[in-house]
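Here is a short briefing to read alongside your protein. Keep the sequence and the 3D view open as you go.

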Amino acid sequence: DQQISMVDLAILRLESLSMRAQQFMDQNMMDYAIREILDPMKNLATGRGVAQSYIDSMSIVKLGFLKIGFQVDYTRKTATGIPVNKLVEFGWDEFDINSSYPNGPMLHWTGGKYGPGNHFAAAAHHPGFMGYQMFASLENWGFIEIFIVKLMAATSMYLEETAFK
C-alpha cells in the first residue's frame with residue numbers, strides 16, 4: 001500500500017504541464033482566433049468598403065494540432081478563370097478595354113472621374129486597382145500578436161486554476 005505524498009503529486013502535475021497546456025490551447029485556439037483575428041479583420045475590411053462577398057469568404061480554419069490558418073475562399077472566378085477574391089486582395093494593373101460587340105452593348109460604369117451617375121463608352125482606359133491588401137493588414141495591424149498574447153494568458157490562468165485538481 002503506497003501513499004502519494006504532496007511532493008509526488010506536485011511532480012506528477014509538473015510533468016504533465018506541457019501536455020495540459022498544449023491541449024488547452026488546441027481546444028480553445030479557434031475561439032480566440034475568431035475573436036482576435038477574424039472579427040477584427042472583417043471589421044477592418046468593412047471600414048475599407050471591401051465587397052461583402054470578400055468579407056464573407058474570410059475564415060479561420062483548423063489545420064492540425066496547435067495549427068490554424070486565416071484563409072480567403074478563391075473558388076468564385078471571373079469569366080477568364082481568375083479568382084475574384086484574388087483580384088480584390090491583390091488588385092490589377094491599368095489596361096485598355098473595348099466593347100467586344102460592334103454596334104452592340106457598350107461598357108458601363110458608375111461614378112469615377114466623370115462624376116456620379118451612369119457612364120457608357122465603346123472603349124475605356126482602366127487605371128488599375130491596388131487591391132485591399134488584407135493579408136498585409138493581418139500582419140501589420142498586430143492581430144496575430146494579440147491572439148497569441150490572449151491565448152497564452154488564458155492558458156496560464158487555466159493552469160493556475162487547475163494546479164492541484
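In what order do the elements of the protein run from the N terminus on? The order is α-α-α-β-β-α-β-β-β-β-α-α, which comes to 6 helices and 6 strands. Please keep in mind that this is a predicted model.

**Overall picture**
- The protein has 165 residues, and buried residues make up 30% of them.
- Take the contacts between residues at least 6 apart in sequence: 61% of these join residues at least 24 apart.
- About 11,200 Å² of the protein is accessible surface, and carbon and sulfur atoms account for 59% of that area.

**The largest nonpolar core**
- This core holds 25 residues, and the members that touch the most others are I37, M41, M58, F70 and M134.
- At least two core residues come from each of these elements: the helices α2 (17–48), α3 (52–57), α4, α5 (134–140) and α6 (143–161), and the strands β1 (58–64) and β2 (67–72).
- The top contributor is α2, which gives 10 residues to the core.
- If you would like one residue to click on here, try M134: leaving aside residues up to four places away in sequence, M134 touches M41, L44, A45, R48, V50, Y54, M58 and E89.
- Two of those partners, M41 and M58, are also among the core members that touch the most others.

**H119 and its surroundings**
- You will find H119 in strand β5, which spans residues 118–121.
- Is H119 buried or exposed? H119 counts as buried because its relative accessible area is 13%, and the cut-off for buried is under 20%.
- A polar atom of the H119 side chain lies 2.8 Å from the backbone oxygen of G115.
- Not counting residues up to four places away in sequence, H119 touches L107, H108, W109, T110, G111 and Y114.

**A nonpolar patch on the surface**
- Which residues make the nonpolar surface patch of about 230 Å²? They are W92, F95 and I97.
- W92 sits in the loop between α4 (84–90) and β3 (95–98).
- With a relative accessible area of 32%, W92 is partly exposed; W92 can therefore count towards a patch, since patch residues need over 30% relative accessible area.

**Places to look in the viewer**
- For the core, start from α2, the element that gives the most residues to it.
- For the surface, turn to W92, F95 and I97, which make the nonpolar patch.
- For a buried residue in a strand, go to H119 in β5.

How values were computed: Residues are numbered from 1 along each chain as its sequence is written. This is a predicted model: local features need pLDDT of at least 70, side-chain atom pairs count only at pLDDT 80 or more; totals for chains, interfaces and linings use all residues. Side-chain values use heavy atoms; hydrogens and water are left out. Helices (H or I, at least four residues) and strands (E, at least two) are DSSP runs, numbered from the N terminus. Buried means under 20% relative accessible area, exposed over 50%, partly exposed in between (1.4 Å probe, protein chains only). Contact means heavy atoms within 4.5 Å. Accessible areas come from the Shrake-Rupley method with a 1.4 Å probe; for residues, only the protein chains shown count as cover. Patches are made of residues with over 30% relative accessible area and no salt bridge: like charges are joined within 9 Å, nonpolar side chains (Val, Leu, Ile, Met, Phe, Trp, Tyr) within 5 Å. A salt bridge is a side-chain nitrogen of Lys or Arg within 4 Å of a carboxyl oxygen of Asp or Glu. A nonpolar core is a set of buried Ala, Val, Leu, Ile, Met, Phe, Trp, Tyr and Cys residues joined through side-chain atoms within 4.5 Å. A polar contact is a pair of N or O atoms within 3.5 Å; within protein, one must be able to donate a hydrogen and the other to accept it, and residues adjacent in sequence count only if both atoms are side-chain atoms.
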